[in-house]
Amino acid sequence: MNVMHYRGYSARIEYSDEDQLLIGHVAGIHDVIGFHGESIGELRHAFEEAVDDYLETCERLGRAPQKAYSGKLSLRLEPTLHASVAAKAELAQKSINQWVSDILFQAACR
């Protein structure tokens, strides 16, 4: 998956063969922000314009813009799984947080 970043927002990028356009959608928020372009340069410009327009619209409406995820994730684990994770993290000489983050990164970014 291809991704663009701007002002704290990330967008996933796809190619539409039917439209012969690069299509982008801002990820990580419930509001829908889409954009497109025929080239990477056009797509980048459209992405930045879409985010700027979204932020201006929220300000005009007196509404706080949605932000991408904070990076905080709480999990509830069975005690035996928790113990196993703690042991694996200790063996890797990492905190549980860092070990879990590394494992999730490997799974999500492959």
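A residue is called buried when its relative accessible area is under 20%, exposed when that area is over 50%, and partly exposed in between. The structure discussed here is a predicted model, and with those cut-offs in hand, arginine 7 makes a handy starting point. Its relative accessible area is 48%, so arginine 7 lands in the partly exposed class.

Arginine 7 sits in the loop that runs between β1 and β2. Its backbone stands out a bit too: phi is near 50°, which is positive even though the residue is not a glycine. For context, most residues other than glycine have a negative phi. The side chain of arginine 7 is also busy, since it meets the side chain of aspartate 52 in a salt bridge, at 2.7 Å from N to O. Aspartate 52 belongs to helix α1, whereas arginine 7 is in the loop between β1 (2–6) and β2 (9–16), so this pairing ties together parts that lie 45 residues apart in sequence.

That contact is one of five salt bridges in the structure. In general, side chains of opposite charge can pair when their charged atoms come close. Another such pair is arginine 12 with glutamate 14, where the closest N and O atoms are 3.9 Å apart. That value still makes the cut, because the limit for a salt bridge is a nitrogen within 4 Å of a carboxyl oxygen. Both partners are partly exposed: arginine 12 has a relative accessibility of 33%, and glutamate 14 comes in at 42%. A further bridge joins aspartate 102 to lysine 94, with 2.4 Å between the closest N and O atoms. Here again the two ends count as partly exposed, with 22% relative accessibility for aspartate 102 and 36% for lysine 94.

Next come the helices. Helix α1 covers residues 40–61, and glutamate 56 is part of it. Glutamate 56 also belongs to a surface patch of negative charge, where it gathers with Glu49, Asp53 and Glu59. With a relative accessible area of 48%, glutamate 56 is partly exposed. That value clears the bar for patch membership, because a patch takes residues with over 30% relative accessible area and no salt bridge. As for helices at large, an α-helix has 3.6 residues a turn, so residues three or four places apart point the same way.

Helix α2 spans residues 79–91, 13 residues in total. From its first C-alpha to its last it reaches 18 Å, close to the 18 Å expected at 1.5 Å a residue. Glutamine 93 follows α2, and its phi is positive, near 55°. Like arginine 7, then, glutamine 93 is a residue other than glycine with a positive phi. Its place is the loop between α2 and α3 (96–108), and at 75% relative accessibility glutamine 93 counts as exposed.

Leucine 81, which lies in helix α2, brings in a patch of another kind. Together with Leu73, Leu75, Leu77 and Leu104, Leu81 forms a nonpolar patch on the surface. The combined accessible area of these leucines is about 480 Å². Leucine 81 itself has 44% relative accessibility and so is classed as partly exposed.

Serine 74 is found in the loop between α1 and α2. At 73% relative accessibility, serine 74 falls in the exposed class. Serine 74 and histidine 5 are 69 residues apart in sequence, and their C-alpha atoms are 25 Å apart in space.

Glycine 37 offers a contrasting setting. It is part of strand β4, which takes in residues 34–37. Its relative accessibility is 1%, so glycine 37 is buried. Its C-alpha is 5.8 Å from that of leucine 21, and the two residues are 16 apart in sequence.

Note on methods:
Residues numbered from 1 in each chain as written. Predicted model: local features only at pLDDT ≥ 70, side-chain atom pairs only at ≥ 80, totals over all residues. Heavy atoms only, no water. Patch = residues over 30% accessible without salt bridge, like charges linked within 9 Å, V, L, I, M, F, W, Y side chains within 5 Å. Areas by Shrake-Rupley, 256 points an atom, 1.4 Å probe, with all protein chains shown as cover. Lys, Arg positive; Asp, Glu negative; His and termini not counted. Charge placed at Lys NZ, Arg CZ, Asp CG, Glu CD. Helix = DSSP H or I, 4+ residues; strand = E, 2+ residues; numbered from the N terminus. Buried < 20%, exposed > 50% of the residue type's maximum accessible area, 1.4 Å probe, protein only. Expected span 1.5 Å × (residues − 1).
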